[in-house]
Amino acid sequence: MADSRFFTRAGPFTVAEIAERTGATLGHGADPTRVLTDVAPLELAAAGDLSFLDNRKYVDSFVTSQAGAAFVRAELAARAPASMAALVAKDPYKAYARAAQAFYPDQRAPAGVAPTAVIDPSAKLGKEVSVGPYAVIGPGAEIGDRCRIGAHAVIEGGVVLAEDVRIESHCTLSHTFIGPRTRIFPGVRIGQDGFGFAPDPSGHVRVPQLGRVLIGADVEIGANTTIDRGAGPDTIVGDGTMIDNLVQIGHNVAVGRGCVLVAQVGVSGSTKLGDFVMAGGQAGLAGHLTVGSGARIAAKGGVMRDVPAGVTVCGFPAVPIAEFMRQVAVLQRLAKKRGE
Amino acid sequence: MADSRFFTRAGPFTVAEIAERTGATLGHGADPTRVLTDVAPLELAAAGDLSFLDNRKYVDSFVTSQAGAAFVRAELAARAPASMAALVAKDPYKAYARAAQAFYPDQRAPAGVAPTAVIDPSAKLGKEVSVGPYAVIGPGAEIGDRCRIGAHAVIEGGVVLAEDVRIESHCTLSHTFIGPRTRIFPGVRIGQDGFGFAPDPSGHVRVPQLGRVLIGADVEIGANTTIDRGAGPDTIVGDGTMIDNLVQIGHNVAVGRGCVLVAQVGVSGSTKLGDFVMAGGQAGLAGHLTVGSGARIAAKGGVMRDVPAGVTVCGFPAVPIAEFMRQVAVLQRLAKKRGE
Amino acid sequence: MADSRFFTRAGPFTVAEIAERTGATLGHGADPTRVLTDVAPLELAAAGDLSFLDNRKYVDSFVTSQAGAAFVRAELAARAPASMAALVAKDPYKAYARAAQAFYPDQRAPAGVAPTAVIDPSAKLGKEVSVGPYAVIGPGAEIGDRCRIGAHAVIEGGVVLAEDVRIESHCTLSHTFIGPRTRIFPGVRIGQDGFGFAPDPSGHVRVPQLGRVLIGADVEIGANTTIDRGAGPDTIVGDGTMIDNLVQIGHNVAVGRGCVLVAQVGVSGSTKLGDFVMAGGQAGLAGHLTVGSGARIAAKGGVMRDVPAGVTVCGFPAVPIAEFMRQVAVLQRLAKKRGE
């Protein structure tokens with residue numbers, strides 16, 4: 001059970017209500033009126049708890065679980081113990097995610113503007129906006145309905161937030177448009193000048209960065225991540241993309257829809273990612289590349305050329321993963337020989 | 001054209017004025033009185049726009065561009081279309097940078113101290129200083145003429161900024177001297193204790209960090225970068241060095257003049273870089289090394305020993321680039337053989 | 001001598017007082033009444049300075065040093081020049097660390113709460129707490145005796161700090177318990193949602209992150225580091241662990257006691273580190289791994305499987321260091337052959 005010091009639980013919900021909210025169907029003999037009060041992992045769950053089995057590896061925990069109900073794929077539903085209502089779902093983890101959102105809904109900040117916020121008279125605030133202590137909102141900024149601006153956030157002049165955007169504490173935003181429901185974690189910097197200059201031994205000459213940052217809907221951007229604005233073109237992050245902490249996005253980069261960039265990834269200037277691209281932790285991409293939709297870059301990979309759609313690459317310089325595996329195998333074999 | 005929501009354009013300028021500001025000379029038949037109102041890339045430029053050709057690869061765009069004028073190297077100037085005034089420059093990108101600075105001059109923050117700034121009575125502020133909302137300036141700090149301190153910046157006691165320094169929002173500075181015209185991006189941390197302790201199973205013992213950070217003139221330090229102060233010696237960043245976002249500079253490091261450190265680079269304690277050293281994104285340098293002037297470290301390179309002046313290294317452990325290329329080639333060949 | 005602009009020196013101390021504070025013993029002929037006024041490295045030290053010889057490599061500097069006293073191992077104490085009082089210690093660097101702490105004790109912030117701090121009436125503050133300008137402390141937070149909260153720090157509702165915790169400027173803490181004497185550097189983000197969602201082409205579904213962050217006693221967490229809260233289990237950092245700048249700790253990670261994580265390390269979700277694990281700069285660990293106590297991960301290493309206790313691994317994918325060295329050697333040999 002989540003610490004009530006930090007989390008407020010909703011519910012309870014019946015098995016039928018959970019099924020309806022998640023699109024799951026009831027397994028054989030499951031009682032729709034059973035009452036569920038919380039979520040818990042299979043091993044810790046008690047009679048009032050809802051759990052899930054996603055990875056077949058944990059089927060033993062499922063069979064012996066005390067959970068009152070659990071999401072499970074159709075082919076394993078029959079393995080549910082008699083005490084458990086099976087909730088059959090195609091994607092049990094996704095169903096669990098939605099159920100957990102029902103039990104622990106996003107806690108709403110109090111609407112209203114903190115008296116210590118500094119808001120330029122020319123800024124426009126929508127309805128039910130929440131602005132935390134010491135936030136600063138510049139001239140001409142537009143803040144959509146129900147946006148929540150955290151303590152100490154700085155929204156510079158002209159920035160536009162659509163509705164339901166959540167900017168957490170200590171963020172800095174400039175030259176930026178942000179789509180609905182997007183969430184920006186603490187300490188993120190968006191819209192500062194890109195790293196653009198003409199190199200010169202007598203003093204590098206800065207090139208004015210005249211673009212913006214366009215962030216789509218339903219995006220998440222993790223703590224202390226940095227996204228520079230474009231040099232002329234815009235820097236773009238597509239709808240539904242998930243960006244983890246401490247990621248660097250250079251100027252003119254375009255990230256497609258539904259991409260996943262894990263912590264400490266770096267994307268160099270002018271590189272374009274298609275949709276649903278995944279990059280593992282600490283992966284790096286050189287500039288001016290094109291990465292096709294559905295491509296995957298393994299953790300720590302260093303991408304020096306274009307990656308075709310759907311291909312998984314690994315290593316430095318990154319190559320298709322089967323090739324990487326052969327490289328690793330041959331090197332280990334040679335090293336072993338030599339060591340003998 | 002840059003979004004007028006965020007950018008204010010100056011000008012117009014005649015071709016002759018641009019030539020004078022940038023040191024370019026007029027190509028054959030170029031009209032010095034032609035009026036230019038904006039900058040644009042070759043493909044998008046119209047009759048009133050100024051553009052440039054830097055990379056020979058784009059000569060086709062140059063030949064067909066509608067730009068009213070463009071910077072170009074002497075050997076390609078004759079290829080300019082009849083409608084374009086060629087502005088002959090040795091370094092067209094640098095000339096463009098200066099011209100773009102004329103069209104889009106740095107926007108000055110309003111001079112004056114925000115009423116919410118907390119400034120210690122013993123701090124000294126120069127002329128025309130701008131201090132943003134909620135900035136905090138500690139005892140004995142000295143802020144030079146025309147400095148701009150962003151919202152929420154914290155300048156701790158004793159810190160000295162020369163003239164025209166720009167500290168953006170949410171920065172933390174302590175134990176630091178900063179030279180003229182240097183610009184610190186949002187969320188930068190400078191001058192905190194280095195990572196210094198005597199390891200001990202019964203509890204690592206912190207070693208007081210008694211040095212400072214000395215940052216030169218015309219330096220840029222990117223968003224969320226961290227620069228620790230020295231342990232006894234100082235941590236130093238030389239004039240004109242460009243540091244990107246999320247870079248880590250350890251205690252006692254000395255970075256020379258005109259260096260370029262791309263995003264997410266890490267330089268470990270006590271390592272010394274000469275002048276005009278370049279380090280690509282995510283490169284890392286071990287501690288106590290010496291990297292000669294003009295050396296280059298490729299992106300993701302892991303430097304474990306000294307690098308002589310002028311040498312380019314790559315890979316982990318980093319080796320001269322020709323050797324790295326041979327390693328990659330031999331490994332790919334062996335892996336292919338095995339895969340057959 | 002440390003810059004008096006930033007540092008306030010205590011003392012002087014006699015050789016006998018220093019010996020007592022550090023557990024060192026006096027070498028042959030050392031005068032216990034000699035007065036020491038400062039610390040300095042061997043080459044720069046004068047008659048009033050205390051220094052140390054830790055690395056045998058610097059024995060020449062020791063023999064010729066003008067230092068009035070120096071910590072040294074027993075076997076080298078006889079090499080001390082006549083003018084120097086030898087202070088014999090098993091670990092001279094640790095003894096020096098303690099002596100330097102005596103000369104440069106931690107500077108205490110003024111106790112008291114800045115008038116601009118926003119503290120919820122339901123928060124509890126201990127005795128002699130210092131709260132800087134514009135800090136924000138949320139409902140139900142508990143701040144232990146003698147804690148110091150820096151300017152602009154945001155301590156969200158329910159967070160608990162034990163006694164003598166130091167939170168520097170611009171930190172964001174939520175869902176977190178912090179043990180005594182722990183120090184959090186500027187710009188650190190602790191307790192935000194982990195990177196947890198059910199991937200889905202029609203929109204990734206966020207999984208509520210219902211755990212907390214539990215940080216032990218005597219921990220240090222470097223500038224701009226990010227530590228996500230657990231998804232259900234807690235994220236844990238053990239007593240005495242030292243974490244450098246720009247480190248990423250994912251949700252559900254457990255870091256043991258006395259670990260050392262150098263700058264830009266990334267630890268993926270649910271990975272467990274034993275006690276006294278060391279990870280060099282920019283090392284990365286995949287998720288759901290176990291790293292045994294005393295294991296060491298070399299800088300830039302990419303750990304893809306469990307690491308047994310006491311083993312040192314290197315490279316990507318990380319292998320035991322002897323194997324890595326053989327791989328490097330065989331590759332260099334093959335590349336050379338081919339280059340000939």
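Student: At what angle do helix α1 (residues 15–22) of chain B and helix α3 (residues 92–103) of chain B pack?
Tutor: This is a predicted model, in which local features need pLDDT of at least 70, side-chain atom pairs count only at pLDDT 80 or more, and totals for chains, interfaces and linings use all residues. Residues are numbered from 1 along each chain as its sequence is written, chains are lettered from A and ligands numbered from 1 in the order written, and side-chain values use heavy atoms, without hydrogens or water. Helices (H or I, at least four residues) and strands (E, at least two) are DSSP runs numbered from the N terminus; axes are lines fitted to C-alpha atoms, for helices over the stretch in contact, and angles run from 0 to 180 degrees between N-to-C directions. The axes of α1(B) and α3(B) are 9 Å apart, and the helices pack at about 120 degrees.

Student: Which orientation class do α1(B) and α3(B) fall into?
Tutor: Angles under 35 degrees count as roughly parallel, over 145 as roughly antiparallel, 65 to 115 as roughly perpendicular and the rest as oblique. The angle here is about 120 degrees. The pair is therefore oblique.

Student: Is the crossing of α1(C) and α3(C) left-handed or right-handed?
Tutor: A crossing is left-handed if the near helix is turned anticlockwise from the far one by less than a right angle, and right-handed if clockwise. In chain B, α1(B) passes α3(B) in a right-handed crossing. In chain C, the crossing of α1(C) and α3(C) is right-handed.

Student: Which residues of α3(B) does α1(B) meet?
Tutor: Contact means heavy atoms within 4.5 Å. From α1(B) come B:Ile18, B:Arg21 and B:Thr22. Their partners in α3(B) are B:Ala95, B:Arg98, B:Ala99, B:Ala102 and B:Phe103.

Student: By class, which residues make up the contact of α1(B) with α3(B)?
Tutor: Ala, Val, Leu, Ile, Met, Phe, Trp, Tyr, Cys and Pro count as nonpolar, Asp, Glu, Lys and Arg as charged, and the others, Gly among them, as polar. The contact has five nonpolar, one polar and two charged residues.

Student: How much area do chain A and chain B bury between them?
Tutor: Buried area is the accessible area (1.4 Å probe) that two parts lose on being put together, summed over both. The contact takes 68 residues from chain A and 56 from chain B. In chain A, A:Phe195, A:Leu210 and A:Phe316 lose the most area to chain B, together 15% of what that side buries. Carbon and sulfur atoms carry 65% of the total, which is about 4600 Å².

Student: What axis relates chain B to chain C?
Tutor: Copies are superposed by least squares on the C-alpha atoms of residues with pLDDT of at least 70 in both. A rotation of 120 degrees with 0.0 Å of shift along its axis lays chain B on chain C, with RMSD 0.0 Å. That is the relation of a three-fold axis.

Student: Why do the copies, chain B and chain C, meet through different surfaces?
Tutor: Look at how far the interface residues of chain B recur in chain C. The copies meet through different surfaces because the shared part is only 18%.

Student: Where does B:Pro317 lie, after its cis bond?
Tutor: The peptide bond from B:Phe316 to B:Pro317 is cis, with omega near -10 degrees. B:Pro317 lies in the loop between β39 (312–314) and β40 (319–320) of chain B.

Student: Which peptide bond before β1 of chain B is cis?
Tutor: B:Pro12 lies in the segment before β1 (13–14) of chain B. With omega near 5 degrees, the cis bond runs from B:Gly11 to B:Pro12.
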